[in-house]
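This briefing covers the sheet pairing, the helices and the nonpolar cores of one chain. Please keep the structure open while reading.

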Amino acid sequence: MTKNGILDSDKVESTVIGAGPVGCVLALVLARRGHQVTLYERRPDIRHEDPAGGRSINLVLTERGLRILGRLGLRDEILSLTVPVLGRMMHSLESKLAYQPYGKDDSECNYSVSRTRLNASLLDAAEAAGVAIHFNQICIDADFESGQVELKDAVSGEHTRRAAGVIFGADGSPSAIRHALVAQGHAEATVDKLNFGYKELYFPAPSSSTDTAAMADHALHIWPRGDHFLMGLANLDGSFTGTAYLPLDGKNSFAELDTPASVRAFFEGQYPDSVRLLSDDFVDAFLANPTGTLGTVRCAPYHLDARALLVGDAAHGIVPFFGQGLNCGFEDCLVLDDLFEQFAHNNAPPEDRLAAIFAQFSALRKPNADAIAEMALDNFVEMRAKVGDPNFLLQKKVEHRIENEMPDIYRSRYAVVMYSALPYRRAFEIGELQQAILRELCEGIEDAAQADMRQARDLIEAKLLPYYERFGIALDF
Ligand SMILES: Cc1cc2nc3c(=O)[nH]c(=O)nc-3n(C[C@H](O)[C@H](O)[C@H](O)COP(=O)(O)OP(=O)(O)OC[C@H]3O[C@@H](n4cnc5c(N)ncnc54)[C@H](O)[C@@H]3O)c2cc1C
């Protein structure tokens, strides 16, 4: 075997750190390409020992993330674990319900899935593909010169160094592999924390017809209140996983809500209908459940020649307000697989070929990850503005009219991100052009019905169509 895990037979010895959803999918991609893959995971095996006691955050999968699962033959199996989400149900301060469908029809939907169930299924698939998985192994450091990782056994505390070959960091936002790359001068990274966190809550399956109507399972439920909000996503058994998003400190914050009385009063005042729908012990759960923090990880490059590569949150953790973090990580795996295919018949020595694949990966993914990071932060601002800014609401309504009347030349940025395979960077730039169009159309009007649709078409033809043409974009998704 030569250095860096490239075996004589042109096969590669690969080590993936982190058996989360992206680490498992990456391991499957590599195994399919003939790599000998070892996966190290810091936690116990969630299939036997679930630290969350059966409860788990719910994630929204979209078409972008499902594509690699299709290629790996897992799409149907994973979809069977999901609940289709066709729109969002807004719960007002007065407990009024307003439903907004997401897509042009029900074929454009998102899929709610428990992270734990998804992860468990992907672990099964990775094992079945011959990946060696070691649990309770915390990666402490990596030596990219010798191609070794340092591990600590979470149970015995024992430290070991293992030959790793090519090292892949799929170890999430706090990535040890990213830290090692930065510490050894191979990459630069920043982590921008948001002064906003989240807590899991639980909505049992509704038991009355009124509650079933209020908690329709085909909707993402949201209680938007500007500076904070509550969300609910359906589980397969009819229950919902709720997430309360609040500032970490200040008014209406996790720091402020620290007694049973203050929590109950907050929910009764801010999300009144949720009090009937949440589990009876929601106040205790709110006080007992950990507060998750949120932030944006920016890193460059994602690779070190043919020796190491970062994927998923380890490379580009983003805030969850576009529901795209995992989808972006799965798309990383698709792009990497495309590059393996593209270079499959290249005659360069295997090490040079792998280095070229990794360099291309960094070059292709970095602008797109930066774009979705920015759009996710935009959405955070949007969600807070949504309830209070009449101009913003007017623009949204005008946009809805345009999208309905001219779907062949106008799809909202949301639809491009969620339902198309267009790169995130393209979605971002389309969104910038749309903003300029909507601002101009909304000048001097007070109601969406007053918007001039002829002017809208002229503006789209002048601003958006040249962009589509330049990048060969067809809105045929
Ligand atoms: C509240 C919330 C809601 C979200 N909603 C959505 C959504 O709707 N849609 C969406 O697409 N994304 C969503 N996301 C983002 C999504 O959860 C992440 O993007 C996704 O989990 C990233 O997957 P990953 O495998 O890269 O990292 P992770 O899921 O973080 O997995 C990393 C794995 O590596 C392991 N690990 C970490 N460090 C080490 C170490 N040193 N040694 C060994 N193992 C290690 C961890 O235990 C873990 O198993 C949400 C995130 C949050 C917080």
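Which residue in E19 is the bridge partner of His303? The partner is Leu309. The model is predicted, and the points below are grouped by topic.

**Six-stranded sheet**

- An open sheet has six strands in the order E8-E2-E1-E12-E19-E18, and its pairing is mixed.
- Strand E8 (132-134) and strand E18 (303-304) are the edge strands, each pairing on one side only.
- E18 and strand E19 (residues 308-310) are antiparallel and are joined over two bridges; the pairing of His303 with Leu309 belongs to E19 as well.

**Hairpin E10-E11**

- Strand E10 (residues 148-153) pairs with strand E11 (residues 159-163) in the antiparallel sense, over five bridges.
- Val149 has Arg162, in E11, as its bridge partner.
- The two strands, E10 and E11, make a hairpin with five residues between them.
- Within that turn, Gly157 has a positive phi of about 80°.

**Helix H7**

- Val263, Phe266 and Phe267 are buried in helix H7 (residues 260-270).
- These residues lie on the same side of H7, because the arc they cover around the axis is only 90°.
- An α-helix has 3.6 residues a turn, so residues three or four places apart point the same way.
- The strands against which the buried residues of H7 pack are E13 (188-203), E15 (229-234) and E16 (240-247).
- Helix H8 (272-277) and helix H9 (282-288) also pack against the buried residues of H7.

**Helix H15**

- Helix H15 (residues 424-442) has 19 residues, which at 1.5 Å a residue should span 27 Å; the end C-alpha atoms are 26 Å apart, so the two values agree.
- The buried residues of H15 are Tyr424, Arg426, Ala427, Phe428, Ile430, Gly431, Gln434, Ile437, Leu438, Leu441 and Cys442.
- Gly444 follows H15 and has a positive phi, near 75°.

**Nonpolar cores**

- The largest nonpolar core has 77 residues, and Leu69 and Phe330 have the most contacts inside it.
- Apart from that core lies another, of 58 residues, which includes Tyr414, Leu422, Leu459 and Leu475.
- With neighbours within four places in sequence left aside, Leu69 is in contact with Val25, Leu61, Leu74, Arg75, Ile78, Leu122 and Phe330.
- Phe330 is thus named twice: as a contact of Leu69, and with Leu69 as a residue with the most contacts inside the largest core.

Key
Residues numbered from 1 in each chain as written. Predicted model: local features only at pLDDT ≥ 70, side-chain atom pairs only at ≥ 80, totals over all residues. Heavy atoms only, no water. Core = buried A, V, L, I, M, F, W, Y, C linked by side-chain atoms within 4.5 Å. Buried < 20%, exposed > 50% of the residue type's maximum accessible area, 1.4 Å probe, protein only. Contact = heavy atoms within 4.5 Å. Helix = DSSP H or I, 4+ residues; strand = E, 2+ residues; numbered from the N terminus. Expected span 1.5 Å × (residues − 1). Pairing = 2+ DSSP bridges. Arc of directions from axis to C-beta.
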